[in-house]
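Please open the model in the viewer and keep the selection panel at hand. The tour proceeds from one selection to the next.

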Amino acid sequence: MPEPSGKRRFSLCNDSMKHKKTFPRRKGPPPARRPLRSAPAGPTEWDQAARWYSTVVGDQGSDYQRSLIFPGAFRMLAVKKGDRVLDLACGPGAFSRYMSKKGMRVEGLDASEQLLSYAAARSPASIRFHHADAREPGSFGDAVFDAIACLMALQNMEDIQPVMKNAAAWLKPGGRLVLVVTHPCFRIPRQTHWGWDEEKKMEYRRVDRYASEMVIPILTPPFARSKVFTSTYHRPLESYFKALVEAGLGVDGLEEWVSKKESAPGKRSRGENRARREIPLFLALRARPLSRR
Ligand SMILES: C[S@@+](CC[C@H](N)C(=O)[O-])C[C@H]1O[C@@H](n2cnc3c(N)ncnc32)[C@H](O)[C@@H]1O
C-alpha cells in the first residue's frame, strides 16, 4: 500500500529488497473463521514466513514472549475479567490465547492470512480472528475495546500513523493501548552490535545509526539458504511519540525490558551478564486516548 503522501519516508538499508519474492498462497491449516473486512489485497511478506514464525512462537510463545513480553504487556494493559481486548497484528495468536486464558474476551487482527490460519487452528473458538490491514479503519466501530495490545509488530509496519489513529478510535474512553517493540535505541538490525572492550573487560553495545528512519530487509527465516525477506522499519523514539500524539494518544507508561539470560561461567561472563542487565532488548509503551474529538 503506498504511503498517503506518495513519498517514501524510509531509506532502504541496502539493496537486497530487490530480490524479495512474494510467495503464492499455499494450502495449509484451516482458514481463519472470521469473515474478512478490510482484508489485504493479496499475500503479505509475512505469509511466506508464517510456517517458520508459527513454529518459533509455538502454542504459548517463544522464550522472550513467555518470560518478558506477555507478562509485561498484560500487566500494563491493566485489564479485568470480561474486558474486550484486541491483539493487533496478532500473528499466530499466542498472546490472544494468553489473554483468553486469563478471562478476557479476545479478538485478534492480522494482515497475514497464513498466520491467522495457524492462530485459528490453535485457539479456542471463543477468540475471533479478523483478516485485515491494521492501517484500514473499517474493521471495528468506535470505542469498542477496553484495551489493545500490539506486540512486536509496529516495527514491521511501514506506516504507523493510521494504525495509531485506528487504535485511538477503537478504544473506549480510558482504554489502554500497549505497544512493545524491539528497543529502537539499542536493537537496530545491521546497525547495532555487541563488542568486547579488552581494556575495561566490558561488553558494550555499538550503535552506528539511530536518528534516520530505515527499512531493513531481514532474511525470514533467518537461514543462509532463505531467499525471502520481511521488512523491519526502524524509527527513532520521536517518531513513535509523534504518531501517538497526532492520533490523540497520551503516553502514561514506559518500560524497558532486559534479558534475564545468564552466560555460562567463563572469562567474559561477568561483563556479558552486566551488559545484558544494562542494555534493554524491548521497549514497552502504554498510551490512552486523551479526549474524544
Ligand atoms: C513479528 S510478527 C508479531 C506477531 C505477534 N504479535 C507476536 O508477537 O507473535 C509481526 C506481525 O505483524 C503483522 N502485520 C504487519 N503489518 C501489518 C498490517 N499492516 N496490518 C496487520 N498486521 C500486520 C504480520 O502479519 C505479523 O503477524
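In what follows, Ala, Val, Leu, Ile, Met, Phe, Trp, Tyr, Cys and Pro count as nonpolar, Asp, Glu, Lys and Arg as charged, and the others, Gly among them, as polar. The model is predicted: local features need pLDDT of at least 70, side-chain atom pairs count only at pLDDT 80 or more, and totals for chains, interfaces and linings use all residues. Residues are numbered from 1 along each chain as its sequence is written.

Select the ligand first. It is surrounded by 20 residues (C-beta atom, placed from the backbone, within 6 Å of the ligand), of which Trp 46, Gly 91, Ala 111, Ser 112 and Ala 134 are the closest. By class, this shell has 13 nonpolar, four polar and three charged residues.

Next, select residues 113-122, helix 4 (helices are DSSP runs of H or I with at least four residues, and strands are runs of E with at least two, numbered from the N terminus). Eight of its ten residues are buried, so helix 4 is largely enclosed by the rest of the structure; buried means that 20 or more other C-beta atoms, placed from the backbone, lie within 10 Å of the residue's own. The cover includes helix 1, helix 3 (94-101), strand 3 (105-110) and strand 4 (128-131).

Now add helix 1, residues 50-57. Its axis comes within 9 Å of that of helix 4, and the two cross at roughly 35° (axes are lines fitted to C-alpha atoms over the stretch in contact, with angles from 0 to 180 degrees between N-to-C directions). Ala 50, Tyr 53 and Ser 54 of helix 1 meet Gln 114, Leu 115 and Tyr 118 of helix 4 (contact: C-beta atoms, placed from the backbone, within 7 Å). This contact has four nonpolar, two polar and no charged residues.

Key: Two residues are in contact if their C-beta atoms, placed from the backbone, lie within 7 Å. A residue is buried if 20 or more other C-beta atoms lie within 10 Å of its own, exposed if 12 or fewer, and partly exposed in between; C-beta atoms are placed from the backbone.
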